[in-house]
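Visitor: Please take one helix of this model and go through it closely. I would like its dimensions, its surroundings and the way it packs, with some comparison material from elsewhere in the chain.

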Amino acid sequence: MTLQNTPASPLVLGAMSFGTLVDDDVSFALLDRFVERGGVWIDTADCYSFWASDTGHGGASESVIGRWLGERPGVRTRVRLSTKVGAEPLWPGSWPEHRTGLSPRAIHQAVEGSLERLGVDMVDLLWLHQEDRAVPIEQTVDGLASLTSRGTVARVGASNHPAWRIERARAHAASIGSVPIDAFQLNSTYLRTRPGTLPPGVIHPFGVLSDEQRDFAVANGLETWAYTPLLSGAYDNPAKSIPEVYEHPGTERRLAVLGRIADAHGVERGQVVLAWLLAHGIRPILGGSKLDQLDLAMDAAGIALAAEEVADLDAPV
């Protein structure tokens with residue numbers, strides 16, 4: 001891996017399939033290319049990918065990243081690590097009914113395991129993976145506070161949570177003088193699903209970025225990360241169809257505008273989707289498993305959409 005003084009990329013590398021569907025060699029190649037091209041944030045979770053593992057438990061993704069860091073002396077200073085806790089199955093086959101959850105004890109045990117697998121002494125951003133209504137959010141914040149106070153966790157974020165619980169969490173953090181949640185991670189792409197539906201792979205009732213969540217994030221200065229922004233390649237790969245939940249007249253109009261702007265720039269539709277998200281200050285998480293897919297996505301960060309193009313994409317007619 002050749003390290004250069006490349007400008008930092010706003011994109012995030014998602015490592016969900018590392019160690020299960022993607023082997024070490026390919027994972028290392030993707031991580032190397034990401035850093036070579038200015039990538040900074042690497043996103044994983046303690047439960048990745050339990051559904052594809054032989055054991056029924058997660059941890060493989062974090063372990064791959066840990067091995068990569070161990071074989072790349074000095075690279076830790078160039079990257080930031082984000083991982084998630086709370087969704088690991090208590091035993092194989094027990095998810096989603098029985099998972100570790102977000103009690104202070106569960107969070108501390110999960111972080112201890114993540115640090116060991118990653119081979120580091122701190123994580124730059126710890127996500128609450130999905131809400132846990134069995135635990136008062138104030139208790140969860142108390143657990144996070146002890147981690148941030150000793151430097152084990154630098155920042156905290158929330159994935160798949162409603163805005164009102166994040167507001168309550170932030171208020172409690174302020175009352176005890178701890179680090180507040182300052183980031184949202186949610187499913188977001190250019191197309192919109194029909195009301196009352198969820199995209200494939202999203203089982204969380206508050207997992208898709210809503211107008212309310214976005215308004216809350218902007219008003220309170222929360223960073224927003226978007227997972228599955230490219231519909232697993234469906235924008236450009238003829239072999240993959242756009243999920244049925246996106247089938248409505250609004251999708252036809254949005255795809256028409258997306259195609260026109262992609263043609264004008266001589267790029268793929270998915271690249272325009274990434275550029276549009278970035279234009280709105282949203283960090284897309286890249287989840288591909290091939291170097292050419294990663295390169296195309298990284299190229300998208302250099303696409304400069306004009307203000308009128310962003311406006312056309314926002315409100316197609």
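Guide: Helix α4 has 13 residues, and from its first C-alpha to its last it reaches 18 Å, close to the 18 Å expected at 1.5 Å a residue. The model is a predicted one. The helix covers residues 137-149. After α4 comes Gly 151, whose phi is positive, near 85°.

Next, burial. The buried residues in α4 are Ile 137, Thr 140, Val 141, Gly 143, Leu 144, Ala 145, Leu 147 and Thr 148. Their cover includes two helices, α3 (104-118) and α5, and two strands, β4 (123-128) and β5 (153-159).

Of these, α5 can be described in detail. Helix α5 spans residues 163-176, and its axis comes within 9 Å of the axis of α4, the two crossing at roughly 50°. That angle makes α4 oblique to α5, because it lies outside the ranges for roughly parallel (under 35 degrees), roughly perpendicular (65 to 115) and roughly antiparallel (over 145). The crossing of α4 and α5 is right-handed. On the α4 side, the contact is made by Ile 137, Glu 138, Val 141, Asp 142 and Ala 145. Helix α5 contributes Arg 165, Arg 168, Ala 169, His 172, Ala 173 and Ile 176. Sorted by class, the contact of α4 with α5 has six nonpolar, one polar and four charged residues. Ile 137, Val 141 and Ala 145 take part in this contact and are also on the list of buried residues of α4.

For comparison, there is another helix pair. Helix α7 (residues 249-265) and helix α8 (residues 269-279) have axes that come within 9 Å and cross at roughly 100°. Helices α7 and α8 are therefore roughly perpendicular to each other, the angle falling within the 65 to 115 range. From α7, the contact involves Arg 254, Leu 255, Leu 258, Gly 259, Ile 261 and Ala 262. From α8 come Arg 269, Val 272, Val 273 and Trp 276. By class, the contact of α7 with α8 has seven nonpolar, one polar and two charged residues.

A last item concerns a single residue elsewhere. Arg 214 is found in helix α6, residues 211-220. Leaving aside residues up to four places away in sequence, Arg 214 touches Leu 209, Thr 224, His 280, Gly 281 and Ile 282. The C-alpha atoms of Arg 214 and Phe 184 are separated by 9.0 Å, with the two residues 30 apart along the chain.

Terms used
Residues numbered from 1 in each chain as written. Predicted model: local features only at pLDDT ≥ 70, side-chain atom pairs only at ≥ 80, totals over all residues. Heavy atoms only, no water. Axes fitted to C-alpha atoms, helices over the stretch in contact; angles between N-to-C directions. Helix = DSSP H or I, 4+ residues; strand = E, 2+ residues; numbered from the N terminus. Left-handed = near helix turned anticlockwise from the far one by under 90°. Contact = heavy atoms within 4.5 Å. Nonpolar A, V, L, I, M, F, W, Y, C, P; charged D, E, K, R; others polar. Expected span 1.5 Å × (residues − 1). Buried < 20%, exposed > 50% of the residue type's maximum accessible area, 1.4 Å probe, protein only.
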